[in-house]
Amino acid sequence: EVQLVESGGGSVQPGGSLRLSCAASGFSFSNYAMAWVRQVMGKGLERVANIDSGGSTTNYADSVKGRLTISRDNAKSTLHLELNNLKPEDAAVYYCAKAVDSFGNYYDSWGQGTQVTVSS
């Protein structure tokens with residue numbers, strides 16, 4: 001059974017930083033692309049970053065480019081998201097997602113999410 005467990009969320013002031021982690025189990029982590037998606041209350045899901053299975057290719061939403069960094073540790077089956085210079089509009093529930101292949105065009109599993117709050 002695929003399990004994705006996010007951690008690291010919290011409350012920060014604008015301009016602050018956080019590091020989110022996602023512990024994966026139940027599948028061969030290094031064979032699949034992964035992503036971070038977020039959902040603001042009352043709005044749809046937004047994919048903010050994705051990374052291929054080997055960690056060599058990353059993509060970011062325009063809204064977060066230069067401020068968020070996705071990375072993975074295949075030896076530890078862990079996905080990370082560094083969030084820097086956080087803005088109030090970054091406040092959301094952040095989910096990690098597993099792709100159906102090594103490239104990351106479609107996703108089939110999500111974790112329970114971790115809340116990020118940005119306010120002064």
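## A tour starting from serine 71

Select serine 71 first; this residue is found in strand E7, which spans residues 68-73. The model in the viewer is predicted.

Display the surface around this position. Serine 71 has a relative accessible area of 27%, so it counts as partly exposed, given that the partly exposed class lies between 20% and 50%.

Next, show the surroundings of the residue. With neighbours within four places in sequence left aside, serine 71 is in contact with Ile51, Thr78, Leu79 and His80. Then add methionine 34 to the selection: its C-alpha atom is separated from that of serine 71 by 9.5 Å, although the two residues are 37 apart along the chain.

Now zoom out to the whole chain and colour by secondary structure. The chain comprises 11 strands and zero helices, so the order along the sequence reads β-β-β-β-β-β-β-β-β-β-β. Among contacts between residues at least 6 apart in sequence, 55% join residues at least 24 apart.

Turn to the overall dimensions. Along the principal axes, the C-alpha atoms fill a box of roughly 40 × 25 × 25 Å. The radius of gyration is 13 Å, which agrees with the value near 14 Å for a compact globule of 120 residues.

Switch to a surface representation. The accessible surface of the chain amounts to about 6100 Å², with 46% of it belonging to carbon and sulfur atoms. Buried residues account for 43% of the 120 residues.

Finally, select the charged side chains. There are 10 positive and 11 negative ones, and the centres of these two sets lie 4 Å apart.

Conventions
Residues are numbered from 1 along each chain as its sequence is written. This is a predicted model: local features need pLDDT of at least 70, side-chain atom pairs count only at pLDDT 80 or more; totals for chains, interfaces and linings use all residues. Side-chain values use heavy atoms; hydrogens and water are left out. Helices (H or I, at least four residues) and strands (E, at least two) are DSSP runs, numbered from the N terminus. The radius of gyration is taken over C-alpha atoms; the globule rule is 2.2 Å times the number of residues to the power 0.38. Buried means under 20% relative accessible area, exposed over 50%, partly exposed in between (1.4 Å probe, protein chains only). Contact means heavy atoms within 4.5 Å. Accessible areas come from the Shrake-Rupley method with a 1.4 Å probe; for residues, only the protein chains shown count as cover. Lys and Arg count as positive and Asp and Glu as negative; His and the chain ends are not counted. The place of a charge is taken as NZ of Lys, CZ of Arg, CG of Asp or CD of Glu.
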